[in-house]
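Reader: Please take me through one part of this model at close range, starting from a single side chain. Then move on to the charged pairs and the backbone around them. Keep it brisk.

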Amino acid sequence: FSRMFVQVCLYFYCKCLWRCLKFVVRKLTGQCELQRICYNTKPGAARTMKIEASLKGSKSKRLQTSVNVHPDAIEKTIDDIMELKRINPDINPQLGVSLQACLLQIVGYRNLIAEVEKLRREPYDSENPQHEEMLLKLWKCLKPNSPLKARISKQWCEIGFQGDDPKTDFRGMGLLGLYNLVYFAEWDTEIAQQVLTDSLHPKYREVTKKELSQLSKAEWEKKKFDKAIGYSFAIVGINITDLAYNLLVSGALKTHFYNVAPEAPTLTHFQQTFCYLMHEFHKFWIDEDPLDIMEFNRVREKFYRRILRQLQNPEMALCPHFAASESLINM
């Protein structure tokens, strides 16, 4: 009964009291909610997410649908919002500029999801010359001094694919996995090559006395033979693509993109985020020092939760430490 009473009170508050409160505040301040957000919240995720919530929660259908318009219709949408809210654009010129920037980010994020989803759903086709060209570019970027002897070759295992033909490994993420790996290898070549080398030849780390005291005999028997565990670079890249995809579609990446993209976030922003996640996961994997590769899912889930916690902060922008993402910092 108590739970039902609380739910009824919350519903009444949200539907009635909240709207009444907004009406009173507008009368007292002479500003609508959108004005108060734009004037009192600094640009970035905090402002854009509040604007998005305000528009979606409005009782006006025109305001609700404004977050789903085509990018070319944003200026007309701003005019409609100003008219509906009875705001004089000549007196409030900055409001239109602020709303436009927020809507560009909101609409851009939705379009980015559609673009990423399209790539994810497109399967790798070995009969498609463009697909084959990208795959060969991945090899050349990662192994510039080792020519590929044949298209179907055991050499693919050297960069972390499971078999002779990488096309079978892209099933889960489609072309999106290949796009991300190629971007990482092409634009952050030095880092990508180093991560690949470390994944093949992990650095040995001495076990401290404290760690030794906490290990069981069976665990020590494993660790003394293999104190650092490698992983399959390409397979992990596809897996981290899946992680980035889930962060995107869940809305978790809004915090990051709204803070780093002054207008609409693009596929390049997503790929740069993938590079960051690959770089950070590699360091995280080394720090976790798993007993064997069977711990991959546990480490991945722990890493995913850490990124989620970071993105809960509206001030958060994932901070890359490599060349391809310097443009994010300078925006």
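Author: **A close look, starting at Tyr179**

Tyr179 is partly exposed, at 27% relative accessible area. Here buried means under 20% relative accessible area, exposed means over 50%, and partly exposed lies in between, with a 1.4 Å probe and protein chains only. This is a predicted model, in which local features need pLDDT of at least 70 and side-chain atom pairs count only at pLDDT 80 or more, while totals for chains, interfaces and linings use all residues. Residues are numbered from 1 along each chain as its sequence is written, and side-chain values use heavy atoms, with hydrogens and water left out.

Tyr179 sits in helix H8. Helices are DSSP runs (H or I, at least four residues), as are strands (E, at least two), numbered from the N terminus. Tyr179 touches Leu119, Met134, Leu267 and Gln271, leaving aside residues up to four places away in sequence. Contact means heavy atoms within 4.5 Å. Thr241 is 62 residues from Tyr179 in sequence, and the two C-alpha atoms are 9.6 Å apart.

Helix H8 also has a charged partner to offer. Lys137 forms a salt bridge with Glu186, with the closest N and O atoms 3.7 Å apart. Lys137 is in helix H7 (residues 129-142) and Glu186 in helix H8 (residues 174-187), so the pair ties together parts 49 residues apart in sequence. Lys137 is partly exposed at 32%. Glu186 is partly exposed too, at 36%.

A salt bridge here is a side-chain nitrogen of Lys or Arg within 4 Å of a carboxyl oxygen of Asp or Glu. Side chains of opposite charge can pair when their charged atoms come close. The whole structure holds 19 such salt bridges.

Now follow the chain to another pair. Glu280 forms a salt bridge with Arg306, the closest N and O atoms being 3.6 Å apart. This pair links distant parts of the chain: Glu280 belongs to helix H14 (residues 267-288), Arg306 to helix H15 (residues 296-311), 26 residues apart. Glu280 is buried, at 9% relative accessibility. Arg306 is partly exposed, at 25%.

Helix H15 has a local pair as well. Arg305 and Glu301 form a salt bridge, with 4.0 Å between the closest N and O atoms. Both lie in helix H15, four residues apart, about one turn of the helix. Arg305 is partly exposed at 40%. Glu301 is partly exposed at 36%. Salt bridges also link Glu288, Glu295, Arg298 and Lys302 in a network.

Between H14 and H15 there is a loop, and Asp289 lies in it. Asp289 is buried, with a relative accessible area of 10%. Its phi is positive, about 50 degrees, although Asp289 is not a glycine. Most residues other than glycine have a negative phi.

Arg86 makes a useful comparison. It has a positive phi of about 55 degrees and is not a glycine either. Its place is the loop between helix H5 (74-84) and helix H6 (93-121). Arg86 counts as exposed, at 70% relative accessibility, whereas Asp289 is buried.

One more charged side chain is worth a look. Lys254 is in helix H13 (residues 254-260). At 16% relative accessibility, Lys254 counts as buried. Lys254 touches Ala45, Glu52, Lys56 and Tyr109, again not counting residues up to four places away in sequence.
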